[in-house]
Amino acid sequence: MPLIIGIPTEIYPEEKRVAATPATVAKLKKLGLDVQVQAGAGDAAGFADQDYKDAGATIAENAAAVFSTSDMVLKVRPPMETAGGQHEALLLKEGACVIG
């Protein structure tokens, strides 16, 4: 079963970057990894969900889906508390890691 890489939407105020571009996703796919991107994660950086799909990623509905099913989560900023008061790190599945 391939390693699953997750790309959530950055929640830091005014952050416009995303941890992976569609080109990066294509490279990860060539390495045999599965990649999932949160819906809208690339919007502020100018990348549409369809761009990520075309590169081979699946689109996850929300951050909880990305964090709870990914083996490795890529972020620009470190995990932080969400607007709802829950910390992103608490959403990680057991044994997963964050690279940011």
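Colleague: How many bridges join strand β1 to strand β4?
Modeller: This is a predicted model, in which local features need pLDDT of at least 70, side-chain atom pairs count only at pLDDT 80 or more, and totals for chains, interfaces and linings use all residues. Residues are counted from 1 along each chain as its sequence is written, and side-chain values rest on heavy atoms, with hydrogens and water left out. Strands (E, at least two residues) and helices (H or I, at least four) are DSSP runs numbered from the N terminus, and two strands pair if DSSP finds at least two bridges between them. Strand β1 (residues 4-7) and strand β4 (residues 72-74) run parallel, and the number of bridges joining them is 2.

Colleague: Nice. Which residue of β4 stands opposite glycine 6?
Modeller: Strands of a sheet pair through backbone hydrogen bonds, either parallel or antiparallel. Here β1 and β4 run parallel. Opposite glycine 6, in β4, stands valine 73.

Colleague: And what is the strand order of the whole sheet?
Modeller: The sheet is open, has 5 strands and pairs in parallel. Its edge strands, each pairing on one side only, are β3 (58-60) and β5 (97-99). Neighbouring strands are turned by 30° against each other on average, direction ignored; axes are lines fitted to C-alpha atoms, for helices over the stretch in contact, and angles run from 0 to 180 degrees between N-to-C directions. The order reads β3-β2-β1-β4-β5.

Colleague: Is the crossover from β1 to β2 right-handed or left-handed?
Modeller: The two strands run parallel and are joined by 4 bridges, with isoleucine 5 opposite valine 35 in β2. A crossover counts as right-handed if, with the strands pointing away from the viewer, the path from the first strand over the helix to the second runs clockwise. The chain goes from β1 through α1 to β2, and this β-α-β crossover is right-handed.

Colleague: Through which helix does the chain cross from β2 to β3?
Modeller: β2 and β3 run parallel with 3 bridges between them, and glutamine 36 has threonine 58 in β3 as its bridge partner. This β-α-β crossover is right-handed, and the chain passes through helix α2 (residues 49-54).

Colleague: At what angle does α1 run to β2?
Modeller: Helix α1 covers residues 22-30 and lies across β1 and β2 (34-38). The angle between α1 and β2 is about 155°.

Colleague: How many of the residues of β2 are buried?
Modeller: Buried means under 20% relative accessible area, exposed over 50%, and partly exposed in between, with a 1.4 Å probe and protein chains only. Aspartate 34 is found in β2 and is partly exposed because its relative accessible area is 30%. β2 is mostly covered, and its buried residues number 4 of 5.

Colleague: With which residue does aspartate 34 meet in a salt bridge?
Modeller: Side chains of opposite charge can pair when their charged atoms come close. A salt bridge here is a side-chain nitrogen of Lys or Arg within 4 Å of a carboxyl oxygen of Asp or Glu. The N to O distance is 3.5 Å, and the partner of aspartate 34 is lysine 29.

Colleague: How far apart are the closest N and O atoms of glutamate 15 and arginine 17?
Modeller: Glutamate 15 lies in the loop between β1 and α1 and counts as buried because its relative accessibility is 12%. Arginine 17, at 48%, is partly exposed. The two form a salt bridge, with the closest N and O atoms apart by 2.8 Å.

Colleague: Where does lysine 93 lie, given its salt bridge with aspartate 71?
Modeller: The side chains meet at 2.8 Å, N to O. The pair links distant parts of the chain, 22 residues apart, with aspartate 71 in the loop between α3 (63-69) and β4 and lysine 93 in the loop between β4 and β5.

Colleague: One more: what is phi of glutamate 14?
Modeller: Most residues other than glycine have a negative phi. Glutamate 14 is found in the loop between β1 and α1 and is exposed, since its relative accessible area is 70%. Its phi is positive, near 70°.

Technical notes:
Contact = heavy atoms within 4.5 Å.
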